[in-house]
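Work through the exercises below with the sequence and the 3D structure at hand. Each task is followed by a solution in steps.

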Amino acid sequence: MAISGPGSVRLRTASLAGVDIRTMIHEFKCYSSIFRPYKIAEAVLIDTQNFVNSLDFHRPDPFEISFDSGIPGSGIFTGSYKMLSVNAIMELTSYHAQAYLIKLVDDTYFENKKRRVTKAFQNVPGTQIVSSIASEFLGANVNVLMPSQGLFGTKEQPYIVQNEIPLPSIAGILKLLYADETGNFMYLKMNDENIFVCHLNDLL
């Protein structure tokens, strides 16, 4: 998708909890962090009719958006998120309006918060454990672009993940994969289903 710079987009659709809010969108930002395997976004709404308060939006209401560059054949960006929070940030008294900041994340964030991992592993590569936890508890495919340092667990002494939130349990395993290194790694989320993990040293 070819976008020449900030602001050079054409908003096609925007909805929150199924309600059309396209005319209220003043600003939208989406980005990824190398330390988080979920997408993050922010939207600024300008509300001139007390719309936000009257509908009483709640976490994690779905947020959908699509836009393009306005150039024929340039492609369409579509994003699906869940609302994390909504806060009034500025009262525009001269316009009789209120500005709101909506913070957004994708499904992986909420799946991580509501699930707990309790599993035992025997003679399994760490990369396989990561993929197993991500698939079962987060509904994501994780491709670890790092070799596993041997096998985790034995029949007599299995590697146990006990009542842990999925992402911290995965982070702990990833650090063990590079026992002789810094333990620093990054996430790269290509789309809603696929997450790639690599060691930061591999990027230098």
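**Exercise 1. Check the length of helix H4 (residues 166-177) against the span expected for its 12 residues.**

Solution. The model is a predicted one. The expected span of a helix is 1.5 Å times one less than its number of residues. For the 12 residues of H4 this gives 16 Å. The C-alpha atoms at the two ends of H4 are 17 Å apart, which agrees with the expected span.

**Exercise 2. List the buried residues of H4.**

Solution. Buried means under 20% relative accessible area. In H4 the buried residues are Pro166, Leu167, Ser169, Ile170, Ala171, Ile173, Leu174 and Leu177.

**Exercise 3. Describe how helix H3 (residues 126-138) and H4 are placed relative to each other.**

Solution. Start with the axes: those of H3 and H4 come within 9 Å and cross at roughly 170°. Angles over 145 degrees count as roughly antiparallel, so H3 is roughly antiparallel to H4.

Next, find the residues in contact. From H3 they are Gly126, Thr127, Ile129, Val130, Ile133, Ala134, Phe137 and Leu138. Their partners in H4 are Pro166, Leu167, Ser169, Ile170, Ile173, Leu174 and Leu177. Sorted by type, the residues of this contact are 12 nonpolar, 3 polar and no charged.

**Exercise 4. Find the aromatic pairs of the whole structure, and classify the pair of Phe28 and Phe63 as stacked or edge-to-face.**

Solution. The search of the whole structure gives 7 aromatic pairs. In the pair of Phe28 and Phe63, the centres are 6.1 Å apart and the planes differ by 10°. Planes under 30 degrees apart count as stacked, and this pair is therefore stacked.

Now place the two residues in the chain. Phe28 is in strand E3 (residues 25-31) and Phe63 in strand E5 (residues 62-68), so the pair links parts of the chain 35 residues apart. Phe28 counts as buried because its relative accessibility is 18%; Phe63, at 0%, counts as buried too.

Finally, follow the ring pairs further. They link Phe28, Phe63, Phe67, Phe77 and Tyr81 into a cluster.

**Exercise 5. Decide whether Glu42 is buried or exposed, and name the residues that Glu42 touches.**

Solution. Glu42 lies in strand E4 (residues 40-47). With a relative accessible area of 16%, Glu42 is buried.

Leaving out residues up to four places away in sequence, Glu42 touches Glu27, Phe28, Lys29, Tyr31, Leu101, Ile102 and Lys103. As for Val105, 63 residues away from Glu42 along the chain, the C-alpha atoms of the two are separated by 8.7 Å.

Technical notes
Residues numbered from 1 in each chain as written. Predicted model: local features only at pLDDT ≥ 70, side-chain atom pairs only at ≥ 80, totals over all residues. Heavy atoms only, no water. Helix = DSSP H or I, 4+ residues; strand = E, 2+ residues; numbered from the N terminus. Buried < 20%, exposed > 50% of the residue type's maximum accessible area, 1.4 Å probe, protein only. Axes fitted to C-alpha atoms, helices over the stretch in contact; angles between N-to-C directions. Parallel < 35°, antiparallel > 145°, perpendicular 65-115°, else oblique. Contact = heavy atoms within 4.5 Å. Nonpolar A, V, L, I, M, F, W, Y, C, P; charged D, E, K, R; others polar. Phe/Tyr/Trp six-rings, centres within 6.5 Å; stacked < 30°, edge-to-face > 60°.
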